[in-house]
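Reader: I am new to this structure and would like to go through it step by step. Could you show it to me before I ask about its parts?

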Amino acid sequence: MPKKLLLIINPVSGMRLGALYTQKIVSVFGEAGYDVFTMFTTKRGDARNWAAEYGKNFDIIVACGGDGTFNETVAGNLAGANLPLGYIPCGSTNDFAASIGLSGDIVTAAQNIADGTEHSFDAGTFGERPFTYVASFGAFTRVSYTTSQSFKNIIGHLAYIVEGGLDLKNLKPEKVSITANGDIYEGEYIFGAVSNSTSLGGVLTLAPELVNMNDGLFECMLIKHPKSVTELNRIIKAITSKQYSDCDMMEFFSCEKLSVLKNPSGGWSLDGESEPGTDGVLIKNLRSAINLVF
């Protein structure tokens with residue numbers, strides 16, 4: 001009996017290549033012995049709802065889109081049958097895919113799923129909402145969901161950097177208190193990220209030796225508010241050299257869970273998608289929650 005595959009495509013991700021290559025993707029999976037059922041998202045929440053509602057009728061779910069599409073598919077899958085997943089990255093940044101080395105060629109990525117084996121990766125929960133690789137606030141956080149899709153499509157990563165720079169000019173630091181590993185980190189920060197990835201928004205990167213994406217731990221980065229050009233230069237040097245733990249303007253540590261207190265007026269981003277602010281939230285690692293085929 002043929003295996004059944006649910007293919008969820010975001011037709012407007014990145015350069016809209018998912019929609020353009022639909023026939024080739026379906027052909028790859030068909031030749032591998034799958035019966036393919038394809039669904040195209042039209043609004044936020046579709047991928048999550050479909051993965052949760054229809055996943056039990058399939059053997060594997062494949063998401064074709066960007067980080068947001070994959071986030072929704074993972075969330076719906078965790079709420080449903082928790083099946084093996086495939087990911088064909090075709091968004092503007094594709095942080096998660098870049099971190100694990102998925103092919104940026106759509107047909108190749110599909111073929112790698114068809115021929116692949118399962119690999120486990122951690123996920124996380126932000127309160128009750130799952131995320132795949134990062135929960136962040138501050139600089140670069142609002143960039144991915146305030147930059148227009150057409151702008152992202154035209155200039156890709158540069159859109160994030162340009163918009164991020166404009167955001168920084170008017171950015172106000174946030175007073176934050178974080179408890180993790182029995183320690184308290186408290187102060188004014190311009191950026192914070194709880195991540196399981198080597199790439200954050202295509203702007204910040206972590207050295208691969210610092211990140212194990214299936215160890216049950218997050219990597220946490222906090223950047224303090226610079227009060228002088230000298231302090232700002234120390235932050236820039238740490239970011240460009242990726243020597244975060246050696247910079248006195250940054251906090252960098254690993255943890256399984258952490259609680260965060262901050263002004264709810266300051267929002268968050270989960271995998272590049274907007275998340276309303278909250279005065280307090282518990283963020284937890286879900287070890288080996290994602291079973292990805294490639």
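Reader: What distance apart are the end C-alpha atoms of helix H4, and what span should its residues have?

Author: The model is predicted, and the comparison rests on a rise of 1.5 Å a residue, applied to the 13 residues of H4, which run from 67 to 79. On that basis the helix should span 18 Å, and its end C-alpha atoms agree with this, since their distance apart is also 18 Å.

Reader: Is H4 mostly covered or mostly exposed, and how many of its residues are buried?

Author: Buried here means a relative accessible area under 20%. Among the residues of H4 that meet this cut-off are Asp 67, Phe 70, Val 74 and Asn 77. The helix is mostly covered, and the number of its 13 residues that are buried is eleven.

Reader: Which residues touch the most other members of the largest nonpolar core?

Author: This core has 42 residues, and Phe 70, which belongs to H4, is one of those that touch the most other members. Tyr 87 is another, and if residues up to four places away in sequence are not counted, its contacts include Phe 70, Phe 96 and Leu 292. The complete group is Phe 70, Tyr 87, Phe 96, Met 221, Ile 290 and Leu 292.

Reader: Is Lys 262 buried or exposed, and which side chain is joined to that of Lys 262 by a polar contact of 2.7 Å?

Author: Lys 262 is found in strand E14, which covers residues 257–262. Its relative accessible area is 5%, which is under the 20% cut-off, so Lys 262 is buried. Among the residues that Lys 262 touches, leaving out those up to four places away in sequence, are Phe 137, Trp 268 and Glu 174. The polar contact of 2.7 Å joins the side chain of Lys 262 to that of Glu 174.

Reader: Which strands each supply at least two residues of the lining of the largest cavity, and what is the volume of that cavity?

Author: The structure holds two cavities of 30 Å³ or more. The lining of the largest one includes Phe 137, Met 221, Val 260 and Trp 268. Strands E7, E9, E12 and E14 each supply at least two residues of this lining, and the volume of the cavity is about 50 Å³.

Reader: How many helices and strands does the chain have, and what share of its residues is buried?

Author: The secondary structure of the chain comes to ten helices and 17 strands. Of the 294 residues in the chain, the buried share is 51%.

How values were computed:
Residues are numbered from 1 along each chain as its sequence is written. This is a predicted model: local features need pLDDT of at least 70, side-chain atom pairs count only at pLDDT 80 or more; totals for chains, interfaces and linings use all residues. Side-chain values use heavy atoms; hydrogens and water are left out. Helices (H or I, at least four residues) and strands (E, at least two) are DSSP runs, numbered from the N terminus. The expected span of a helix is 1.5 Å times one less than its number of residues. Buried means under 20% relative accessible area, exposed over 50%, partly exposed in between (1.4 Å probe, protein chains only). A nonpolar core is a set of buried Ala, Val, Leu, Ile, Met, Phe, Trp, Tyr and Cys residues joined through side-chain atoms within 4.5 Å. Contact means heavy atoms within 4.5 Å. A polar contact is a pair of N or O atoms within 3.5 Å; within protein, one must be able to donate a hydrogen and the other to accept it, and residues adjacent in sequence count only if both atoms are side-chain atoms. On a 1 Å grid over the protein atoms alone, a cavity is a set of points where a 1.4 Å probe fits but cannot get out, and a pocket is an open set with protein on both sides within 12 Å along at least five of seven lines; lining residues have an atom within 4 Å of a point. Grid points are joined across faces, edges and corners, and a volume is the space filled by probe spheres set on the points.
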